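Please open the structure in a viewer and keep the sequence at hand. The tour below proceeds by selections, each followed by a description of what is found there.

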Amino acid sequence: MTALTGRLLVHLIAALAEFERERIRERGRSGIQRVKATGRTRSGRSLGRPRRHVELGAVHRLRTEGQSWRDIAQALRVPVRTVRRAWQLWPNPEVGSLA
């Protein structure tokens, strides 16, 4: 095999690899678009991380009692950041729980 033939083979293999990568990307994009349109994956599960549900009233009550963010988070078994986000959502009457 000559250097010219070797280069030709390398270019052919690279072109096939690029084609296959693009097909994989296209399948991934179409799958995500389908999930966004329908709201469900083929397995029936939602896309993304599961939501944490926190009672906003409990966060508000514990905070007004003088509890620390960490104590509230431990009592409700959620991360501190989730408790602080729930506290920020408290004045909004349309939100019943942090989802």
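Helices (H or I, at least four residues) and strands (E, at least two) are DSSP runs, numbered from the N terminus. On that basis, the protein chain of this predicted model has four helices and zero strands. Read from the N terminus on, its elements follow the order α-α-α-α.

**The whole chain**

Select the entire protein chain first. Along its principal axes, the C-alpha trace spans about 80 × 30 × 20 Å. The radius of gyration of the protein chain is 26 Å, whereas a compact globule of 99 residues would have one near 13 Å.

Next, colour the protein chain by pLDDT. The mean is 85, and 92% of the residues reach 70 or more. Then select residues 93–97, where the pLDDT is below 50. In the model this stretch has six contacts beyond near neighbours in sequence. Where pLDDT is low, the predicted coordinates should not be read in detail.

**Helices α2 and α3**

Two packed helices are described by the angle between their axes and the distance between the axes. Select helix α2, residues 56–64, together with helix α3, residues 69–76. Their axes come within 10 Å and cross at roughly 140°. An angle from 115 to 145 degrees counts as oblique, and α2 and α3 are therefore oblique to each other. The crossing in which α2 passes α3 is right-handed.

Display the side chains at this contact. From α2, the residues are A58, V59, L62 and R63; from α3, they are W69, I72, A75 and L76. Seven of the residues in the contact of α2 with α3 are nonpolar, none is polar and one is charged.

**Helices α2 and α4**

Keep α2 selected and add helix α4, residues 80–89. How far apart are the axes of α2 and α4? The axes lie 9 Å apart, and the helices pack at an angle of about 95°. Helices α2 and α4 are therefore roughly perpendicular to each other.

Here L56, V59, H60, R63 and T64 of α2 meet V83, A86, W87 and L89 of α4. The contact of α2 with α4 comprises six nonpolar, two polar and one charged residues. V59 and R63 of α2 take part in this contact, and V59 and R63 also meet α3.

**Helices α3 and α4**

Finally, select α3 with α4. The axes of α3 and α4 come within 8 Å and cross at roughly 105°; the two helices are therefore roughly perpendicular to each other. On the α3 side, W69, R70, I72 and A73 make the contact, and on the α4 side V80, V83, R84 and W87 do so. By class, the contact of α3 with α4 holds six nonpolar, no polar and two charged residues.

Technical notes:
Residues numbered from 1 in each chain as written. Heavy atoms only, no water. Axes fitted to C-alpha atoms, helices over the stretch in contact; angles between N-to-C directions. Parallel < 35°, antiparallel > 145°, perpendicular 65-115°, else oblique. Left-handed = near helix turned anticlockwise from the far one by under 90°. Contact = heavy atoms within 4.5 Å. Nonpolar A, V, L, I, M, F, W, Y, C, P; charged D, E, K, R; others polar. pLDDT = per-residue confidence, 0-100. Rg over C-alpha atoms; globule rule 2.2 N^0.38 Å.
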